[in-house]
Amino acid sequence: MAAQFESFISPFIIMFSVPFALTGVLAGLAVSGTALGIMSMVGLMMLFGIVVKNGIVLIDYIVLQGTGNVHYGCRRHRDGPGCVPF
């Protein structure tokens, strides 16, 4: 993942988001009184995949915003350097 993001900190941000998901799942199971069974573990694996995918998309979007390649919500005005919202 470090080669994909060309950074060493981005993969750690994504990997550190997984324990927060685990904490939420365990808290939800404790509140509902449900045991950690096979179906809960399958759901947990699905949640981990979604959290990692969301982290990758979020990091990629943040990197694109930092480079200035993405301009959502505005268009360039031909007469000036500013941004004109549309």
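Student: Why is Phe12 called partly exposed in this predicted model?

Tutor: The relative accessible area of Phe12 is 42%, and because partly exposed covers the range between under 20% for buried and over 50% for exposed, Phe12 is placed in that middle class.

Student: What makes Phe16 count as exposed?

Tutor: Phe16 has a relative accessibility of 56%, and since exposed means over 50%, that value puts Phe16 in the exposed class.

Student: How do you know that Phe12 and Phe16 form an aromatic pair, and why is the pair called stacked?

Tutor: A search of the whole structure finds 1 aromatic pair, and in the pair of Phe12 and Phe16 the ring centres are 6.2 Å apart with 25° between the planes; the limits are 6.5 Å for pairing and under 30 degrees for stacking, so the two rings pair and count as stacked. Both residues lie in helix H2, 4 residues apart, which is about one turn of the helix.

Student: What makes up the largest nonpolar core, and which helices supply it?

Tutor: This core has 7 residues, namely Val18, Ala21, Val25, Leu29, Leu44, Phe48 and Val51. Helix H2 (9-32) and helix H3 (38-67) each supply at least two of its residues, with H2 giving the most, 4 residues. Leaving aside residues up to four places away in sequence, Leu44 touches Leu22 and Val25.

Student: Where is the mean pLDDT lowest, and where is it highest, among the elements of the protein chain?

Tutor: Strand E2 (residues 83-85) has the lowest mean, 55, whereas H2 has the highest, 90; the protein chain averages 80, and 72% of the residues score at least 70. Where pLDDT is low, the predicted coordinates should not be read in detail.

How values were computed:
Residues numbered from 1 in each chain as written. Predicted model: local features only at pLDDT ≥ 70, side-chain atom pairs only at ≥ 80, totals over all residues. Heavy atoms only, no water. Core = buried A, V, L, I, M, F, W, Y, C linked by side-chain atoms within 4.5 Å. Buried < 20%, exposed > 50% of the residue type's maximum accessible area, 1.4 Å probe, protein only. Contact = heavy atoms within 4.5 Å. pLDDT = per-residue confidence, 0-100. Phe/Tyr/Trp six-rings, centres within 6.5 Å; stacked < 30°, edge-to-face > 60°.
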